[in-house]
Amino acid sequence: NTVEMKTKDFKYYINLVDKAVAGVGRTDFNSERHFTVHKMLSNSIICYREMFCERKSQSMQQTSFVVF
């Protein structure tokens, strides 16, 4: 059973991870630990960020047109 993730879903979940990291940063005053967690989470979802950017770019190319 294959489920295809929509572009808006990518954006939602990527933003959710970013918000979680920011929230932890506001409550965890150990900056070294926060930096480590931030780096790990960011690296963990980098493939999804790339897929989102690729899909967004393709979508913009499909909807754009040249005006003379």
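Analyst: A residue counts as buried when its relative accessible area is under 20%, as exposed when it is over 50%, and as partly exposed in between. With that in hand, ask away about this predicted model.

User: Thanks! What makes Phe 10 count as buried or exposed?

Analyst: Phe 10 has a relative accessibility of 3%. The cut-off for buried is under 20%, so Phe 10 counts as buried. Phe 10 belongs to helix H1, whose buried residues are Phe 10, Ile 14, Val 21 and Gly 23.

User: What does Phe 10 touch, leaving aside its neighbours within four places in sequence?

Analyst: Its partners are Met 5, Tyr 48, Met 51, Phe 52 and Arg 55. They count as contacts because heavy atoms come within 4.5 Å. Take Met 51: Phe 10 and Met 51 are 41 residues apart in sequence, yet their C-alpha atoms are 8.2 Å apart in space.

User: How do you know whether the length of H1 agrees with its number of residues?

Analyst: H1 has 21 residues, which should span 30 Å at 1.5 Å a residue. The C-alpha atoms at its two ends are 31 Å apart, so the two values agree.

User: And how does H2 compare with the expected value?

Analyst: Helix H2, residues 31-44, has 14 residues, and the expected span is 20 Å. From the first C-alpha to the last, H2 reaches 20 Å, close to what is expected.

User: How many helices and strands does the chain have?

Analyst: There are 3 helices and 0 strands, and the pattern along the sequence reads α-α-α.

User: Why is the pair Arg 49 and Asp 18 called a salt bridge?

Analyst: The cut-off is 4 Å between a side-chain nitrogen of Lys or Arg and a carboxyl oxygen of Asp or Glu. The side chains of Arg 49 and Asp 18 meet at 2.5 Å, N to O. That value is within 4 Å, so the pair qualifies.

User: What does this pair of Arg 49 and Asp 18 tie together?

Analyst: Arg 49 lies in helix H3 (residues 46-63) and Asp 18 in helix H1, so the pair links parts that are 31 residues apart in sequence. Arg 49 has a relative accessible area of 26%, so it is partly exposed. Asp 18 is partly exposed too, at 31%.

User: How many salt bridges are there by this rule?

Analyst: The count is 2. Besides the pair just described, Arg 33 forms a salt bridge with Asp 28, with the closest N and O atoms 2.6 Å apart.

User: What makes Asp 28 count as buried or exposed?

Analyst: Its relative accessible area is 17%. The limit for buried is under 20%, so Asp 28 is buried. Its partner Arg 33 has 45%, which makes Arg 33 partly exposed.

User: Where is Asp 28, and what does its surroundings look like?

Analyst: Asp 28 sits in the loop between H1 and H2. Its side chain reaches the backbone nitrogen of Asn 30 at 3.0 Å, and it makes a polar contact with the side chain of Arg 33. Not counting residues up to four places away in sequence, Asp 28 touches Arg 33 and His 34.

User: What happens at the start of H2?

Analyst: There, a side-chain oxygen of Asn 30 comes within 3.2 Å of the backbone nitrogen of Glu 32.

User: Which residues form the nonpolar patch on the surface?

Analyst: Met 5, Tyr 12, Tyr 13 and Leu 16 do, with about 400 Å² of accessible area together. A residue needs over 30% relative accessible area to join a patch. Tyr 13, in helix H1 (residues 7-27), has 46%, so it passes and counts as partly exposed. Met 5 passes as well: it has 33% and counts as partly exposed.

User: Where is the place of Met 5, and what does it touch?

Analyst: Met 5 lies in the segment before H1. Not counting residues up to four places away in sequence, Met 5 touches Phe 10, Tyr 13 and Arg 55.

User: Finally, how much of the chain counts as buried?

Analyst: Of the 68 residues, 10% count as buried. The accessible surface of the chain is about 6,100 Å², and 59% of that belongs to carbon and sulfur atoms.

Technical notes:
Residues numbered from 1 in each chain as written. Predicted model: local features only at pLDDT ≥ 70, side-chain atom pairs only at ≥ 80, totals over all residues. Heavy atoms only, no water. Patch = residues over 30% accessible without salt bridge, like charges linked within 9 Å, V, L, I, M, F, W, Y side chains within 5 Å. Areas by Shrake-Rupley, 256 points an atom, 1.4 Å probe, with all protein chains shown as cover. Helix = DSSP H or I, 4+ residues; strand = E, 2+ residues; numbered from the N terminus. Buried < 20%, exposed > 50% of the residue type's maximum accessible area, 1.4 Å probe, protein only. Expected span 1.5 Å × (residues − 1). Polar contact = N/O pair within 3.5 Å; in protein donor to acceptor, adjacent residues only side chain to side chain.
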